[in-house]
Structure formats: C-alpha cells, structure tokens
Amino acid sequence: MENTNSYTIGVQLYTVREFTQNIDDFTKTLSKLRKIGYENVQISGIGPLSPREVAQALLDENMPCVATHMPWDRFQNDLDAVIEEHKLWDCKHAAIGMLPVDYYFEDGWLEKFIEELIPISKKLAEAGIDFSYHNHHHEFIPYNGKLWLEELYDQASPEVLKAEIDIYWIQSGGHNPVDWIKRCTGRQPLLHLKDYRVKITRVTMGS
C-alpha cells in the first residue's frame, strides 16, 4: 500500500474477516496483526460495526486504515456516509472489491460503470479521496477486441479510476503481473500481494 513518498506493507482485513465481525474481535485482531509486524490495514469484510468504534480501535491499536473495499451500491446510494467514514478513519484510498456480475457479461455495462463512476469519483476527489478498481481473473474475458480490464483502463482516465492490481488474480487469469503493474504505472496507489502455488498431481500410468 502506497503513501505519499514510499510503499508500506499492510494487511487486507478480508483475509481475517471471520475475526472482525464484532468490535471486541476487531480490536483483538488489530492488536495481533500489529504484534506480527503489520503497520496498517485495508478495511474490508468487517461486521456491521459503528464507524466511530472502528476509528477508536484503529487509534488505540495504532493501526491506520490506509484503504478500504466497499460494495458498489454503497458508492452509488450512500456516498456521503462513505466519505464521512473515510474522513473519520483518515483514509485517502477507496476501492471496490468487485462489481455485480452484470457489469462483466452484459453488453455496454462496462461503459455503464464508467458513466456511473465519473460523478462519484469527482465527489470523492473533492473530499481528498481517490477510487481504485480491484481485479479478479474474470476481467480477462474478451471485450470489444480487447480484454475487459484493458478496455476499462483505456476508457477511464487515471484521474477518474485508479488501479489496485491483485497479482494473484492476474496470474490466475493467465497473465503476467509484472506486465500489468508496468501498464498501470502512474495510476496505482495500491497493490495486492498474495501467494500463488501451482500444485502438480502425480499421475500413475497403467501397464
């Protein structure tokens, strides 16, 4: 995860979502993560916690929130509250983990997403918050003679849409993460790192 001048390593709380569903567990989890050596978090997958309780826990455990994942419908229908939460958490980077499936497989819905995003991104920017898209592997389906993810970043300017490249899902989609990191130079405040293991199954040939 990137701050103004350098990179810092944090943890995406979706990874430990089973242990962040109430405020007591949330606070204990932050404490354990801090002891492991993480210095900040990306809020995602937590339970229905009060934003102020979350802010206090982040402060108490000295674990800044540097980014978030929130569902697309919250940006569409609850943007003022989303902005207030980010301000409360002193967080400058908002992101979407995944769009509803229609946006990937229905004709014209990529363009629909960008059209919906433009005023949302503008309002976020006015509050000092940028907006990133987090990829999985299904964005590598064909679209207008390109890959869906290529078309997305070609159509949406870096001012409107940043990139949160997830190297695991790039690899899972059959592509080289390094190529995509280079491709998104200048628009990438966040990077997701995950292990990717190839499992080889031994096959015994019959006689």
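In this predicted model, four strands come together as an open sheet, lined up in the order 4-5-8-9, and the pairing is parallel. Strands of a sheet can pair either parallel or antiparallel, in both cases through backbone hydrogen bonds. Strand 4 (93-96) and strand 9 sit at the edges, each pairing on one side only. Going from one strand to the next, the twist averages 30 degrees.

The pairing at the strand 9 edge can be picked out in some detail. Strand 8, made up of residues 162-166, is joined to strand 9 by three bridges, and the two run parallel. Here E164 stands opposite L190 of strand 9. There is a helix to add to this picture: helix 7 (residues 148-155) lies across strand 5 (130-134) and strand 8. Helix 7 runs at about 165 degrees to strand 5.

Strand 9 turns up again at the largest pocket, which has a volume of about 770 Å³. A total of 27 residues line this pocket, and the ones closest to its centre are Q12, T15, H192, L193 and K194. Strand 9 (190-192) and strand 1 (11-12) each supply at least two residues of the lining. As for chemistry, the lining of the largest pocket divides into 14 nonpolar, ten polar and three charged residues. Strand 9 is thus a handy landmark when looking at the model: an edge strand of the open sheet that also supplies residues to the lining of the largest pocket.

How values were computed:
Residues are numbered from 1 along each chain as its sequence is written. This is a predicted model: local features need pLDDT of at least 70, side-chain atom pairs count only at pLDDT 80 or more; totals for chains, interfaces and linings use all residues. Side-chain values use heavy atoms; hydrogens and water are left out. On a 1 Å grid over the protein atoms alone, a cavity is a set of points where a 1.4 Å probe fits but cannot get out, and a pocket is an open set with protein on both sides within 12 Å along at least five of seven lines; lining residues have an atom within 4 Å of a point. Grid points are joined across faces, edges and corners, and a volume is the space filled by probe spheres set on the points. Ala, Val, Leu, Ile, Met, Phe, Trp, Tyr, Cys and Pro count as nonpolar, Asp, Glu, Lys and Arg as charged, and the others, Gly among them, as polar. Two strands pair if DSSP finds at least two bridges between them. Axes are lines fitted to C-alpha atoms, for helices over the stretch in contact, and angles run from 0 to 180 degrees between N-to-C directions. Contact means heavy atoms within 4.5 Å.
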